[in-house]
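Trainee: Could you take me through one part of this model closely? I would like to see how a single helix sits against the rest of the chain.

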Amino acid sequence: MSGCIQCGYCCKKYGMRLEATPLDIARWRLEKREDILVHVDIEIKNEEVKGGRLWVDREGKNEKECPFLVLKDDKYYCGIQDTKPEVCTWYYCDKYF
Ligand code: SF4
């Protein structure tokens, strides 16, 4: 998390407008991360996974906040840091740089 000051800004501002890639979904399936997959509205076309809308509840409605954002001791953490969506990995923090 080089450069991250753990303010939670990016996750709170953009966390509900994210898309999972087909690779994210394949990885979560391989890792048997049902806890993550239940929050993904997976898009399938012609039997092929195209991606997925993040983050949804069990009825497919948008969650109010990323369900994996954790606040501890006034700092925010990603609860799925080791396997977070690619879009979160690529995020460029303009507050830090
Ligand atoms: S998956 Fe992790 S990095 Fe991405 S929005 Fe949620 S808490 Fe933030």
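Mentor: Happily! In this predicted model, the cover over the buried residues of α2 includes β1, α3, β2 (40-45), β3 (48-54) and α4 (86-90). The helix itself spans residues 22-30, and its buried residues are Asp24, Ile25 and Trp28. Viewed along the axis of α2, these buried residues fall within an arc of 95°, so they line one face of the helix. The general geometry helps here: an α-helix has 3.6 residues a turn, so residues three or four places apart point the same way. On the other side of α2 you will find Leu23, Ala26 and Leu30, which are exposed.

Let's pick one residue on the buried face. Beyond its neighbours within four places in sequence, Ile25 is in contact with Ala20, Val40, Ile42, Val49 and Gly52. Ile25 also belongs to the largest nonpolar core, a set of 12 residues. Its members are Cys11, Leu18, Ala20, Ile25, Trp28, Ile36, Val40, Leu54, Trp55, Cys66, Phe68 and Cys78. The elements that give two or more residues to this core are α2 and β1 (18-20).

That brings us to β1, where Leu18 lies. Leu18 counts as buried because it has 20 C-beta neighbours inside 10 Å, and the cut-off for a buried residue is 20 or more. Setting aside neighbours within four places in sequence, Leu18 is in contact with Leu54, Pro85 and Val87. Leu18 and Pro85 are 67 residues apart along the chain, yet their C-alpha atoms are separated by 8.7 Å.

Pro85 leads us on to the ligand. The residues around the ligand are Cys11, Gly15, Cys66, Phe68, Leu69, Cys78, Ile80, Lys84, Pro85 and Cys88. By class, this shell has 8 nonpolar residues, 1 polar and 1 charged. Look back at the core and you will meet some of these names again: Cys11, Cys66, Phe68 and Cys78 are among the core residues and are also among those around the ligand.

Now follow the chain out of α2. After the helix comes Lys32, with a positive phi near 55°. Next is α3 (residues 34-37), which holds Glu34. Glu34 counts as exposed because it has 10 C-beta neighbours inside 10 Å, and 12 or fewer is the cut-off for that class. Between Glu34 and Ala20 there are 15 Å in space, C-alpha to C-alpha, for a separation of 14 residues in sequence.

Further along, there is some backbone geometry worth a look. Most residues other than glycine have a negative phi, and most peptide bonds are trans. Glu47, in the loop between β2 and β3, has a positive phi near 65°. Glu47 counts as exposed, since it has 5 C-beta neighbours inside 10 Å. Asp73 has a positive phi as well, near 50°, and its place is the loop between β4 and β5 (75-78). Asp73 is exposed too, because 6 other C-beta atoms lie within 10 Å. As for the peptide bonds, the one from Leu54 to Trp55 is cis, with omega near -15°. Trp55 lies in the loop between β3 and β4 (69-72), and both Leu54 and Trp55 are members of the largest nonpolar core.

Finally, let's step back and place α2 in the whole chain. There are 4 helices and 5 strands, and from the N terminus the elements run α-β-α-α-β-β-β-β-α. Of the contacts in the chain with a separation of 6 or more, 60% are between residues 24 or more positions apart. One example of chain ends meeting in space is given by Asp94, in the segment after α4: its C-alpha atom is separated by 9.7 Å from that of Cys10, although the two are 84 residues apart along the chain. Asp94 counts as exposed, with 8 C-beta neighbours inside 10 Å. Buried residues make up 18% of the 97 residues in the chain. A compact globule with 97 residues would have a radius of gyration near 13 Å, and the chain's 14 Å agrees with that. Along the principal axes, the C-alpha atoms fill a box of roughly 40 × 25 × 20 Å.

Notes. Residues are numbered from 1 along each chain as its sequence is written. This is a predicted model: local features need pLDDT of at least 70, side-chain atom pairs count only at pLDDT 80 or more; totals for chains, interfaces and linings use all residues. A residue is near a molecule or strand if its C-beta atom, placed from the backbone, lies within 6 Å of it. Ala, Val, Leu, Ile, Met, Phe, Trp, Tyr, Cys and Pro count as nonpolar, Asp, Glu, Lys and Arg as charged, and the others, Gly among them, as polar. A nonpolar core is a set of buried Ala, Val, Leu, Ile, Met, Phe, Trp, Tyr and Cys residues joined through C-beta atoms within 7 Å. Two residues are in contact if their C-beta atoms, placed from the backbone, lie within 7 Å. The arc is that of the directions from the helix axis to the C-beta atoms. The radius of gyration is taken over C-alpha atoms; the globule rule is 2.2 Å times the number of residues to the power 0.38.
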